[in-house]
Amino acid sequence: MALAQTITEETKKLEAYLRANNLPLPSFDVDSPADYPKLPADIAKSRNAIIVATKELALLAHGPRESVRWAVWEFLDVLALQLINHFGIAKLVPLTHPIPLSTLSTLTRLDPINLARALRLVMTKGLFHEPEPNLIAHTAASRALAEDADLEAWVGFNADDIFPAAAHVLEAITAYPEATSLTRSGFCFAFDTVDKEPMFVTFGKDANRARRMGKAMVSLTGGEGYEVSYLLDVEGGGYDFGEVDKRGGTLVDVGGSIGFVAVEMARQYRNMQFVVQDLPKTVESAPRPVDADEQVAGRVRLMAHDFWGEQSVKGADVYFFRWILHNYSTPYALRILKNTIPALKPGARIIINDHCLRESGAENPWDEIVMRRMDVVMLALLNAQERTEVEYRELFRAASENFVFLGVTRPKGCRMSIIEAVWQPKEEDETPTASGEITPGPAAGSDGEETATAAPISGAGGNEVATTATTRVAGDS
Ligand SMILES: C[S@@+](CC[C@H](N)C(=O)[O-])C[C@H]1O[C@@H](n2cnc3c(N)ncnc32)[C@H](O)[C@@H]1O
């Protein structure tokens, strides 16, 4: 079988590389590294081929009917991981020696039966093992969960927030088939906030939940294919801010969280100025100073700003949106772009750093799975979506004819794309604010209902999206 041959050949290449470089061979052993080292491109390709071929071969070996029968049971694996994570079991198991199940059950509120069944199901995913009956020990994967607080947060956010939201998507899209409103998503149905508030507002009221999502985002950003370094690696296809840097230009990172992306940019580009905008509570939680290097910290300004209001930093060179527009269906995404327009000077760039979906099957199969899943996560949480190049182009066109869409690039090895447009107003359209000096005004606040009105444009699959959406964007978010 060709797949079996691929697995053999590519595994040999991977193993030879690891041995030649004195690197540990992959193992479930508790002392094995939790991550692969950075591999050269050809070996990374081999590793990917193994992942894809083993998955495909397993599907073929199961056969069509059995594959479908058991595919729909995968949520039970999530349930078991949710229990293990929620009750902090990974931290209760000693790293150095096994623990009797009976002893472990005295350390947790999970009763012995539920503890044992959750453990034994996650064991099938490589977390924990049972060297002898009723003796529980760590594997490398369960150790990672015990030691990596961001990974724990990632599992918690997915299992406790996204999992219930996903379970309510059917109810949400049955009641509201257009699926564009931020307050009518699966998440809102799951947590009883339909027509009350969007997810970000719910999280804004609960510091622990908001912190967990923030840490989960850090875990995702540290994961393979999402590192900020891709964006900044010019030779590898990242964005070249050299020209903006040369003239000491300004980049506004809209929804820039606690500034970690801007800080990485500022470390590489030593002349540029950065403004990081986010909601007040997020900005308050940013480290002060934002970086230990004074030269960097002195050029990164944190600012509370609500992007449902007009952009208050006028005349910057770049308005940067990373993981922002994919959080919103088209009416809202348009609103965000339109709120930026009054601040734009001719030549100003909008740079979006998000997934850009290609046609089905164009990605390598593992990237395809991750990106398609992310698209559905956006549906479940926010009635939002990942977009294709055509949809981005259309989004800019619908926001204003004065945007010139420059296209989409994608750094090698990265799942995220760089989508760029430039503001080129026809002369009569130029506004006085848009051509002058940078005026970082006070943060705009919004205090209640916002109505996002958009011309009808085609959404994914050619469906027309609603032209008007109403969302609460309360100041307490
Ligand atoms: C998915 S995170 C992306 C964060 C960051 N750009 C990154 O690349 O990791 C979305 C961010 O948008 C912020 N946000 C949500 N609503 C906002 C609003 N109305 N105005 C400004 N920021 C907002 C959130 O607080 C969060 O930091």
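This is a tour of one chain, stop by stop, with a note at each stop on what to select and what is found there.

**The whole chain**

Begin with everything displayed, and keep in mind that this is a predicted model. If you colour the chain by secondary structure, you are looking at 21 helices and 15 strands. Of the 477 residues in the chain, 37% are buried. Among the contacts with a separation of 6 or more, 70% are between residues 24 or more positions apart.

**The nonpolar core**

Next, select Ile84, Leu251, Ala266 and Phe274, which are the residues with the most contacts inside the largest nonpolar core, a set of 103 residues. Helix H9 gives the most to this core, with 8 residues. Now keep Phe274 alone and look at what surrounds it: leaving out residues up to four places away in sequence, Phe274 touches Leu251, Asp253, Ala262, Met265, Ala266, Arg299, Val300 and Arg301.

**Two helices that cross**

Select helix H9, residues 149–167, together with helix H20, residues 365–382. Two packed helices are described by the angle between their axes and the distance between the axes. In this pair the axes come within 8 Å and cross at roughly 80°, and H9 and H20 are therefore roughly perpendicular to each other. To see where they meet, show the side chains of Ile162, Ala165 and Ala166 on H9, and of Val377, Ala380 and Leu381 on H20, since these residues make the contact. What classes do the residues of this contact divide into? There are 6 nonpolar residues, with no polar and no charged ones.

**Around the ligand**

Move to the ligand and select the 17 residues around it, of which Gly255, Ser257, Phe307, Arg322 and Trp323 come nearest. If you colour this shell by class, you will find 9 nonpolar, 5 polar and 3 charged residues.

**A strand residue, Val422**

Select Val422, whose place is in strand S12, residues 416–423. Is Val422 buried, partly exposed or exposed? With 17 other C-beta atoms within 10 Å, Val422 is partly exposed, because a residue needs 20 or more to be buried and 12 or fewer to be exposed. Apart from its neighbours within four places in sequence, Val422 is in contact with Gly347, Arg349, Val404 and Leu406. Then add Ala118 to the selection and draw a distance from C-alpha to C-alpha: Val422 and Ala118 are 52 Å apart in space and 304 residues apart in sequence.

**Details of the backbone in three loops**

Go first to Asn134, in the loop between strand S2 (129–132) and strand S3 (135–137). Although Asn134 is not a glycine, it has a positive phi of about 65°. Asn134 is exposed, with 12 other C-beta atoms within 10 Å.

Asp195 is the next residue to select, and it is found in the loop between helix H11 (186–190) and helix H12 (199–204). Here too phi is positive in a residue other than glycine, with a value near 60°. Asp195 has 11 other C-beta atoms within 10 Å, so it is exposed.

Finish at Pro289, which lies in the loop between helix H17 (280–284) and helix H18 (294–297). Show the backbone atoms of Arg288 and Pro289, and look at the peptide bond that joins them, which is cis, with omega about -10°.

Notes. Residues are numbered from 1 along each chain as its sequence is written. A residue is near a molecule or strand if its C-beta atom, placed from the backbone, lies within 6 Å of it. Ala, Val, Leu, Ile, Met, Phe, Trp, Tyr, Cys and Pro count as nonpolar, Asp, Glu, Lys and Arg as charged, and the others, Gly among them, as polar. Helices (H or I, at least four residues) and strands (E, at least two) are DSSP runs, numbered from the N terminus. Two residues are in contact if their C-beta atoms, placed from the backbone, lie within 7 Å. Axes are lines fitted to C-alpha atoms, for helices over the stretch in contact, and angles run from 0 to 180 degrees between N-to-C directions. Angles under 35 degrees count as roughly parallel, over 145 as roughly antiparallel, 65 to 115 as roughly perpendicular and the rest as oblique. A nonpolar core is a set of buried Ala, Val, Leu, Ile, Met, Phe, Trp, Tyr and Cys residues joined through C-beta atoms within 7 Å.
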